[in-house]
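User: Hi, I have a structure open here and I'm new to this. Could you walk me through it step by step?

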Amino acid sequence: MKLYDMDKQEWRELKPTLHQHWRSTKIFKCAICHVKTNDWVLGGAYWGVGPKLICPGDSYKQHDELERLYKEFVQIDTKIKDYKKVEKPAKNIQVMIRMRLAEKDALSIRIKVLREKFKKLHDVAGNPKRTEYYYPCARIGSEKERLT
Ligand SMILES: [Zn+2]
């Protein structure tokens, strides 16, 4: 199976038609659900023209729930970092940091449990080597199924 280096724009050799698929030399891991894929598709009007990476997990309702939790996690993490920048923090700021850390712990457990369900959805072909995280841009807009 030929793999295409997306950084070098090798996919252009294919001269793909709309909705044609190909595989990349790199594995892309969704920042939300951690599902890995190297399946690219040429997008059309709905997603915009050009190569698109569609997370296989995004067909499921839990992906939206996971995205909400993930965004909340990132926000709390940013808040903790901001509070820690306060020089000589008063006791109330230390309490806030502890509360946020507890919230972060609770969220990370929920995220971990939800991500377990997505493990079976990896879609990697052609034995690519490197992996990098991406935040999915092309999203499934139609009715989603429940992942069991
Ligand atoms: Zn995903």
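Analyst: Let us begin with how the elements are named: helices and strands are DSSP runs, with at least four residues for a helix and at least two for a strand, and they are numbered from the N terminus. With those names in hand, Gly141 can be placed in the segment after β5. Please keep in mind that this is a predicted model.

User: OK, and is Gly141 buried or exposed?

Analyst: Gly141 is exposed, because there are 9 other C-beta atoms within 10 Å, and the cut-off for calling a residue exposed is 12 or fewer.

User: How far is Gly141 from Tyr70 in space?

Analyst: Their C-alpha atoms are separated by 19 Å, while along the chain the two residues are 71 residues apart.

User: Switching to the helices: at what angle do α1 and α2 cross?

Analyst: The axes of α1, which covers residues 61–84, and α2, which covers residues 91–118, cross at roughly 155° and come within 9 Å of each other. The two helices are therefore roughly antiparallel to each other, since an angle over 145 degrees is counted that way. As for handedness, α1 passes α2 in a left-handed crossing.

User: What kinds of residues make up that contact?

Analyst: The residues of the contact of α1 with α2 divide into 14 nonpolar, ten charged and two polar.

User: Can you pick one residue from α2 and tell me about it?

Analyst: Ile97 lies in helix α2, and it counts as partly exposed because it has 18 C-beta neighbours inside 10 Å. Leaving aside residues up to four places away in sequence, Ile97 touches Ile80, Tyr83 and Lys84. Ile97 and Ile76 are 21 residues apart in sequence, and the distance between them is 9.7 Å from C-alpha to C-alpha.

User: Now the strands. How do β2 and β3 run, and how many bridges join them?

Analyst: Strand β2, residues 21–30, and strand β3, residues 36–43, run antiparallel and are joined by five bridges. Within this pairing, Phe28 stands opposite Thr37 in β3. The two strands form a hairpin with five residues between them, and in the turn His34 has a positive phi of about 70°.

User: Which strand does β3 pair with over four bridges?

Analyst: That is strand β4, residues 50–53, which pairs with β3 in the antiparallel sense, and here Trp40 stands opposite Leu53 in β4.

User: And what about β2 and β5, parallel or antiparallel?

Analyst: β2 and β5 pair in the parallel sense, over five bridges, with Cys30 standing opposite Tyr134 in β5.

User: How many of the five residues in β5 are buried?

Analyst: The count is zero, so strand β5, residues 130–134, is described as hardly covered, given that a residue needs 20 or more other C-beta atoms within 10 Å to be called buried.

User: Back to phi for a second: which residue in the loop between β1 and β2 has a positive value?

Analyst: His19, which lies in the loop between β1 and β2, has a positive phi of about 70° although it is not a glycine. His19 is exposed, because 10 other C-beta atoms are within 10 Å.

User: What is phi for Asn127, and where does that residue sit?

Analyst: Phi of Asn127 is near 60°, again a positive value in a residue other than glycine, and Asn127 has its place in the loop between α2 and β5. Asn127 is exposed, with 11 other C-beta atoms within 10 Å.

Methods. Residues are numbered from 1 along each chain as its sequence is written. This is a predicted model: local features need pLDDT of at least 70, side-chain atom pairs count only at pLDDT 80 or more; totals for chains, interfaces and linings use all residues. Axes are lines fitted to C-alpha atoms, for helices over the stretch in contact, and angles run from 0 to 180 degrees between N-to-C directions. Angles under 35 degrees count as roughly parallel, over 145 as roughly antiparallel, 65 to 115 as roughly perpendicular and the rest as oblique. A crossing is left-handed if the near helix is turned anticlockwise from the far one by less than a right angle, and right-handed if clockwise. Ala, Val, Leu, Ile, Met, Phe, Trp, Tyr, Cys and Pro count as nonpolar, Asp, Glu, Lys and Arg as charged, and the others, Gly among them, as polar. Two residues are in contact if their C-beta atoms, placed from the backbone, lie within 7 Å. Two strands pair if DSSP finds at least two bridges between them.
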